[in-house]
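The following exercises practise the reading of a protein model. Each task is followed by a solution in steps.

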Amino acid sequence: MSRPYDSMEPKVMDDDMLKAAVGEQGPQEEAGQLAKQEGILFKDVLSLQLDFQNILRIDNLWQFENLKKLQLNNNIIERIEGLTNLIHLVWLDLSFNNIEAIEGLDTLVNLEDLSLSNNRISKMDSLDALVKLQVLSLGNNQISNMMNIIYLRRFPCLRTLSLAGNPVSEAEEYKMFIYAYLPDLVYLDFRRVDEQMASAASTQQPTR
């Protein structure tokens, strides 16, 4: 399920919201308090939590150039955009939004963990730049074509995949197909890969 529109007014990611989020998540000891008084530089922030904010559009993140972890889950975001400057991002959570297409990730070459579960995505593509991708969560979307799985063969580091809740996961050959085409996978749909099934699937594994 994607996130329904709340009765609350959609919010804009402006400086006030970002400063409040950084302030709330900053260190609470004396040094942290001092930093708050003197002003926090967005470029020094490594982790940013913006979940449950009723955000409609990703914006104004260009100053967070050293950010490694970004949490934007449980909003009403419709498009993946505004992330171009976040080249050091390692972990990105966009689950529980209203996203229909994968896009806007071309500069995130260091991303290792991407969650897009519970959206409205019907096709896996536009992930080519994510050469370090290890974890991909796409559960509860609208992916129905088994050929989407073949696309994931281009990610040599991929070890964890979630597609549960998509029409494709209901196919009888779903697991065997994944094991055959993604032999290096360790976890599928929150369970460790069945070694016996994986071994059986390897006999029909296509050449790389």
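**Exercise 1. Overall composition**

Task: State how many helices and strands the protein has, and describe its burial, contacts and surface.

Solution. The protein contains 5 helices and 10 strands; helices (H or I, at least four residues) and strands (E, at least two) are DSSP runs, numbered from the N terminus. The model is predicted: local features need pLDDT of at least 70, side-chain atom pairs count only at pLDDT 80 or more, and totals for chains, interfaces and linings use all residues. Residues are numbered from 1 along each chain as its sequence is written, and side-chain values use heavy atoms, with hydrogens and water left out.

Next, consider burial. Of the 208 residues, 41% count as buried, where buried means under 20% relative accessible area, exposed over 50%, and partly exposed in between (1.4 Å probe, protein chains only).

Then consider contacts, defined as heavy atoms within 4.5 Å. Among contacts between residues at least 6 apart in sequence, 40% join residues at least 24 apart.

Finally, the accessible surface of the protein comes to about 11,000 Å², and 49% of this surface belongs to carbon and sulfur atoms. Such areas come from the Shrake-Rupley method with a 1.4 Å probe; for residues, only the protein chains shown count as cover.

**Exercise 2. The sheet**

Task: Give the strand order of the open sheet of 8 strands, and identify the strands at its edges.

Solution. Begin with the general principle: strands of a sheet pair through backbone hydrogen bonds, either parallel or antiparallel. Two strands are taken to pair if DSSP finds at least two bridges between them.

The order of this open sheet is 2-4-5-6-7-8-9-10, and the pairing is mixed. Strand 2 and strand 10 (191-192) each have a single partner strand, so one side of each is left without a neighbour in the sheet.

As an example of one pairing, strand 6 and strand 7 run parallel and are joined by 3 bridges. Leu 114 has Leu 136 in strand 7 as its bridge partner.

**Exercise 3. Residues in and around strand 3**

Task: Locate Leu 56 and Phe 52, and decide whether each is buried, partly exposed or exposed.

Solution. Leu 56 is placed in strand 3 (residues 55-57). Its relative accessibility is 32%, so Leu 56 counts as partly exposed. The C-alpha atoms of Leu 56 and Asn 97 are 9.0 Å apart, although the two residues are 41 apart in sequence.

Phe 52 belongs to the loop between strand 2 (47-49) and strand 3. Phe 52 is exposed because its relative accessible area is 54%. Its phi is near 55°, a positive value in a residue other than glycine.

A further example is Phe 96, whose phi is also near 55°. Phe 96 lies in the loop between strand 5 (91-93) and strand 6 (113-115), and a relative accessible area of 33% makes Phe 96 partly exposed.

**Exercise 4. Salt bridges**

Task: Which parts of the chain do the salt bridges Arg 57 with Glu 81 and Arg 154 with Asp 128 join?

Solution. Side chains of opposite charge can pair when their charged atoms come close. A salt bridge here is a side-chain nitrogen of Lys or Arg within 4 Å of a carboxyl oxygen of Asp or Glu. The structure holds 5 salt bridges.

In one of them, Arg 57 meets Glu 81 at 3.4 Å, N to O. Arg 57 lies in strand 3 and Glu 81 in the loop between strand 4 (69-71) and strand 5, so the pair ties together parts that are 24 residues apart in sequence.

In another, Arg 154 meets Asp 128 at 2.8 Å, N to O. Arg 154 is in the loop between helix 3 (147-151) and strand 8 (160-162), and Asp 128 is in the loop between strand 6 and strand 7 (135-137), 26 residues apart. Arg 154 is partly exposed at 45% relative accessibility, and Asp 128 is partly exposed at 42%.

**Exercise 5. Aromatic rings**

Task: Describe the aromatic pair formed by Tyr 151 and Phe 155.

Solution. Rings of Phe, Tyr and Trp (its six-membered ring) pair if their centres lie within 6.5 Å; planes under 30 degrees apart count as stacked, over 60 as edge-to-face and the rest as tilted. The count comes to 3 aromatic pairs. Tyr 151 and Phe 155 form an edge-to-face pair, with 5.8 Å centre to centre and 75° between the planes. Tyr 151 is buried at 11% relative accessible area, and Phe 155 is buried at 4%.
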